[in-house]
Amino acid sequence: MEIYNLKDKSTASIYTAIEMLKTIKTKPDAIFGLATGSTMVDLYPQLSNLLNVNKVDVSQVRTFNLDEYVGLNAEHTQSYHTYMHERLFQQYEGWNQNNIHIPNGIADDMEHEGEHYEKLLQDIGKPDIQILGIGENGHIGFNEPGTPFDSVTRIVDLTPSTLHANSVHFETEDEVPKQAISMGLSSIMRAKRIILLAFGEKKIDAIQRLAAGNVSEDLPASILHNHPNVEIIVDETIYKAL
Ligand code: GLP
């Protein structure tokens, strides 16, 4: 695991977008694991811009989002479906809708939806790049502290810390869905390369704990120490606190 200070969110987002562009150029049917949240709001516009100016063929690229809130339909303003389509998939013409995968938060049988998504992931092969953010409590995807390292895609209960952190996107904290469907920690670890982005004061504690090196289910992101190809990209605020 390497930690890089790319100074600010903008530079880090451009770096990550370029790495994704290079991957598509060398492998037109690249597989990406994608994350959402405030951390990624500059990444997808930067990537869309690079795709537009380079007229890249993304028709074969396969994408798999990490998670979705249970109970929010695709059209809900705070669903991760809406997040991804507004910032990435509607910003460039070439995406093939059949190759875009985001867990369904309103499936009739949510348990089956988790199994179905995990099977898709296992059948498709290893993602070339998995993009990750990190929760203030060290979660990745929606794998909260205490999640077993061998977990797969399933329904999870969100912790008070996450409900509070994500309430900024909703009118009231009560509106934040209490559950999500999330790729598991073992699903995430299948990727060939992992780029985790973290910016700002609120993430200092999680990155400090991660950098300390102790591998424990109390800090879900610490599983990344067991992966051979992980970059932790932080801004100056976090880096100078390490
Ligand atoms: C969210 C998402 C994660 C994300 C993390 C950080 O709840 N489920 O995938 O990486 O928490 O979110 P943010 O970037 O908004 O700080």
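Helices and strands here are DSSP runs, counted from the N terminus: a helix has at least four residues and a strand at least two. With that in hand, let's walk through this predicted model.

**The pocket**

Start with the largest pocket, which has a volume of about 760 Å³. It is lined by 39 residues, and the ones closest to its centre are Gly37, Ser38, Asn166, His169 and Lys203. Which elements each supply at least two residues of that lining? They are β4 (67-69), α3 (80-89) and α5 (160-166). Helix α5 gives the most, with 5 residues. If you sort the lining by class, you get 18 polar, 13 nonpolar and 8 charged residues.

**Strand β6 and its partners**

Now look at β6, which covers residues 129-132. In a regular strand, side chains alternate between the two faces of the sheet. You can follow that pattern here: Ile129 and Ile131 point one way, while Gln130 and Leu132 point the other way. Are these four buried or exposed? All of them are buried.

Strand β6 has β2 (residues 31-34) as a parallel partner, joined by 2 bridges. In that pairing, Phe32 stands opposite Ile129. Strand β6 also pairs with β9 (residues 194-198), again in the parallel sense, over 3 bridges. There, Leu132 stands opposite Leu196.

**A three-stranded sheet**

Strand β4, met above at the pocket lining, also belongs to an open sheet of 3 strands in the order β4-β8-β7, with antiparallel pairing. Why is one side of β4 and of β7 (154-157) left without a neighbour in the sheet? Both stand at the edges and each has a single partner strand, so there is no neighbouring strand on one side. Neighbouring strands in this sheet are turned by 30° against each other on average, ignoring direction.

Zoom in on β7 and β8 (residues 179-182), and you'll find 4 bridges between them. One residue pair to look for is Val156 with its bridge partner in β8, Ala180.

Here are three of the strand pairings side by side:

| Strands | Sense | Bridges |
|---|---|---|
| β2 and β6 | parallel | 2 bridges |
| β6 and β9 | parallel | 3 bridges |
| β7 and β8 | antiparallel | 4 bridges |

**Two helices in contact**

Finally, go back to α3, another contributor to the pocket lining. Helix α2 (residues 43-54) packs with α3 at an angle of about 35°, and their axes are 8 Å apart. From α2, the contact uses Tyr44, Pro45, Leu47 and Ser48, and from α3 it uses Tyr83, Met84, Arg87 and Leu88. By class, that contact has 6 nonpolar, 1 polar and 1 charged residues.

Conventions
Residues numbered from 1 in each chain as written. Predicted model: local features only at pLDDT ≥ 70, side-chain atom pairs only at ≥ 80, totals over all residues. Heavy atoms only, no water. 1 Å grid on protein atoms, 1.4 Å probe; cavity = no way out; pocket = protein on both sides within 12 Å on 5 of 7 lines; lining within 4 Å. Points joined across faces, edges and corners; volume = space filled by probe spheres on them. Nonpolar A, V, L, I, M, F, W, Y, C, P; charged D, E, K, R; others polar. Buried < 20%, exposed > 50% of the residue type's maximum accessible area, 1.4 Å probe, protein only. Pairing = 2+ DSSP bridges. Axes fitted to C-alpha atoms, helices over the stretch in contact; angles between N-to-C directions. Contact = heavy atoms within 4.5 Å.
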